Amino acid sequence: MAAAEESDEEFRHRFRAFLAEHHPGRAPRDNAAKLAWTREWLALLYDSGFAGPSWPVQFGGMDLAFSKQVVYQEEYTRARVPRPMGTGLGIVAPTIIKYGTIEQKERWLRPMLRGEKIWVQGYSEPGAGSDLPSLTTSARREGDEYVVNGQKVWTTQGSRGDVIFALVRTGTRASRQSGITYLVIDANAPGVEIRPLRDLTGGHAFSEIFFNDVRVPVADRIGEENEGWPLVRTSLGHERAAGAMNQAANYRRILDELVELLRERDRLTDPLVRDELARLEIQVRVMRLNAARVINEIMTRGEPGPTSSVSRLVITAFEQEIHEFAVDTLGPAGLVAGPPPHAVQRGRWLYGFLRTRASTIGAGTAEIQRNTIAEQVLGLPRDPSMPGR
Amino acid sequence: MSVSSVEEQEELRQLVRGFMEDKSTSADVRRAIESGAPYDAALWTTMADQLGLPGIAIPEEFGGAGFGAVELGIVLEELGRALYVGPYFATVVLAGQLLTEVDDPGAQKSWLPGIADGSLTATVAVDEESGSQDLSAVGTTARRADDGWLLDGVKSYVIDGADAGLLLVVARAEGELGIFAVQDSAAGMVRERLDSVDLTRNLARIEFSATPAVRVGAEAAALLGRHRDLVVTALAAEQVGGAARALEMAVDYAKIREQFGRPIGSFQAIKHKCADMLLRVESGRSAAYYAASVVGAGGTEAEIAASMAKAYCSEAYAFVAKENIQIHGGIGFTWEHDAHLFLKRAKGSEVLFGSPAEHRARVAALVGI
């Protein structure tokens with residue numbers, strides 16, 4: 001395979017053909033069946049050399065140039081095939097690739113990429129949200145093991161997790177960033193309890209994880225003891241930017257669906273409805289143009305400009321706004337959840353309105369993001385009453 | 001049309017920025033506002049002679065550089081940053097682009113070289129006292145005379161209308177819309193400068209009574225629609241430049257102004273405002289650059305992109321200009337501080353050439369909502 005000499009368009013053609021030929025069809029309704037179906041797809045993808053666009057080849061990845069990563073994400077989204085499960089690929093994998101030992105890379109990366117093991121995150125705690133360095137889940141060294149005690153929360157897909165990547169305290173209580181260690185914990189180890197957390201939607205998208213004298217081999221520590229904090233924000237090049245166009249494409253589709261729904265319900269003659277839909281139309285286009293600018297900056301200058309820092313705020317504001325607008329415009333019918341015939345489109349807009357409350361909380365609240373933009377992009381001074389970074 | 005590379009565009013930007021930082025400082029802007037003269041004639045001549053800026057988007061055969069909306073947008077963005085006071089927008093963006101687009105080689109030959117070399121200032125008069133953006137509201141009429149046409153009616157909100165050397169007036173003639181050129185010396189014309197909010201951009205009301213005019217081109221409705229897209233695209237670039245500068249002012253001030261023993265920029269309330277301002281500046285930049293890159297090709301996508309840029313950048317600039325005043329606190333409310341000049345430019349450009357709501361209505365119709 002002469003992938004290195006392939007043009008972007010040739011790659012697109014080849015990947016599109018693969019996705020079309022092997023598309024797994026519709027997802028099974030049953031949860032266990034859906035999990036098995038997803039795993040089968042991820043294994044096929046890996047075995048065919050189409051997994052891990054930004055990963056090194058030696059760990060089963062494709063090591064694509066940035067422009068081909070963009071193509072990959074476009075085609076993947078377009079094909080509507082199952083996505084990798086858990087949050088490992090985007091978050092812990094780059095950390096392992098950069099800071100893991102050779103043995104760890106060999107042991108962890110391929111099964112993660114192939115979908116054999118689902119990795120989930122153990123960062124937030126009930127007492128440590130935005131102030132993550134205040135976390136208290138402790139790891140006490142005993143010979144070749146750590147003994148872990150404490151509680152994590154807001155773990156996405158936690159109940160499916162096989163492996164937990166976690167931040168734990170190995171230093172003193174007051175040590176903050178300088179006493180945090182990065183551990184990889186077997187979700188099936190004695191003393192680990194994962195409980196689904198019922199969120200305000202009524203669903204269970206997140207879990208709480210309890211550690212009660214859980215023994216973790218020292219060999220499962222990434223980096224050195226007390227040196228886990230700087231590893232947290234590792235990313236592989238600009239892999240996240242490569243997928244930025246897809247979010248815009250996804251919301252483009254959702255907006256089109258909302259317009260069609262409101263057309264069917266004869267709401268498009270209302271000038272207020274039209275004005276808000278035009279506002280959303282402009283936002284969804286701005287989202288795409290912002291993503292395109294970031295991609296272009298990376299390709300021409302090697303680094304994204306300030307646009308990349310505001311993209312997430314634009315996206316989260318949009319997803320909250322569109323769902324709430326849909327609920328408001330549907331009127332009382334927008335308040336009804338559940339299966340047909342009474343709920344509009346199975347209550348998707350209502351669910352979206354509720355679900356997207358999390359958009360400005362998870363993965364860094366909108367307030368913390370604004371602080372970061374102000375300090376790191378605009379150069380405003382830090383709050384002197386805040387603890388050091 | 002000439003095409004510039006990314007490097008050449010960056011050079012152009014730096015050239016214009018450096019020139020404006022030197023020649024259109026805050027003191028220069030204030031002198032131009034308070035002088036009573038419509039603009040600094042020496043600066044205008046230098047912009048033309050040394051930099052060739054008026055001719056940037058005029059075809060080479062008429063003495064211009066032959067570039068398009070992207071390069072014109074770069075110039076406008078920099079002029080917007082500097083709050084430049086002068087005939088550039090009316091002469092180059094309004095009249096220059098209308099004459100470049102019109103199918104009338106005679107008119108082009110008569111006036112485009114003068115615009116390109118800076119010897120002629122000009123403007124376009126479309127709006128009337130209602131301020132309606134709907135061309136069907138045009139009530140000014142043109143009737144045939146022995147050696148040309150005579151105009152009757154009232155135009156208003158005409159940028160540089162009291163001073164421009166050439167007026168291109170939209171009027172109704174024999175049941176269709178036409179463009180009519182009026183010289184500044186024409187008889188039967190009363191021009192009155194309006195006391196409008198934006199001190200850096202002169203607006204005028206003009207009365208025509210049997211004013212002699214020359215017809216330019218033929219039926220003009222489609223041309224005027226297309227021209228409006230070119231104008232609002234250039235205006236969006238100017239808005240982005242002004243908004244970016246207002247954000248810089250706010251950030252610079254928040255770094256040095258101390259209250260409670262610390263810079264106000266260390267407070268989250270100020271940080272969050274600044275982050276929200278950056279979001280709008282950068283998103284506006286995306287919209288404006290995109291519009292500039294596609295408007296030349298025409299068609300539905302150009303129309304959507306132009307209206308989208310005008311709607312978004314108008315609101316972005318107004319937002320940033322208002323927050324800039326808020327962050328400056330009391331000093332931002334004084335006449336001496338420049339913050340109000342940006343607010344007034346923002347509000348003026350938000351309302352002219354169609355409000356954000358009007359442009360959103362157009363976007364909705366164009367995308368099939």
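In this predicted model, A:Gly115 takes a positive phi of about 80 degrees, just after helix 5 of chain A ends. The helix leading up to that glycine is a good place to start. Helix 5 of chain A runs over residues 102–113, twelve residues in total, and reaches 16 Å from its first C-alpha to its last, close to the 16 Å expected at 1.5 Å a residue.

So which residues of helix 5 of chain A are buried? They turn out to be A:Trp108, A:Leu109, A:Met112 and A:Leu113. Looking down the axis of helix 5 of chain A, these buried residues fall within an arc of 110 degrees, so they line one face of the helix. That kind of pattern fits the usual geometry: an α-helix has 3.6 residues a turn, so residues three or four places apart point the same way. The buried residues of helix 5 of chain A pack against helix 2 (31–47), helix 4 (88–99) and strand 1 (119–122) of chain A. Over on the other side of helix 5, A:Glu103 and A:Glu106 are exposed.

Moving on to a contact between chains, helix 11 of chain A (residues 366–377) packs with helix 8 of chain B (residues 268–294) at an angle of about 80 degrees, their axes being 8 Å apart. That makes helix 11 of chain A roughly perpendicular to helix 8 of chain B. On the helix 11 side, the contact is made by A:Glu367, A:Arg370, A:Asn371, A:Ile373, A:Ala374 and A:Val377; helix 8 of chain B brings in B:Gln268, B:Lys271, B:His272, B:Cys274, B:Ala275 and B:Leu278. Sorted by class, this contact has six nonpolar, three polar and three charged residues.

Technical notes. Residues numbered from 1 in each chain as written. Chains lettered and ligands numbered in written order. Predicted model: local features only at pLDDT ≥ 70, side-chain atom pairs only at ≥ 80, totals over all residues. Helix = DSSP H or I, 4+ residues; strand = E, 2+ residues; numbered from the N terminus. Expected span 1.5 Å × (residues − 1). Buried ≥ 20, exposed ≤ 12 C-beta atoms within 10 Å, placed from the backbone. Arc of directions from axis to C-beta. Contact = placed C-beta atoms within 7 Å. Axes fitted to C-alpha atoms, helices over the stretch in contact; angles between N-to-C directions. Parallel < 35°, antiparallel > 145°, perpendicular 65-115°, else oblique. Nonpolar A, V, L, I, M, F, W, Y, C, P; charged D, E, K, R; others polar.
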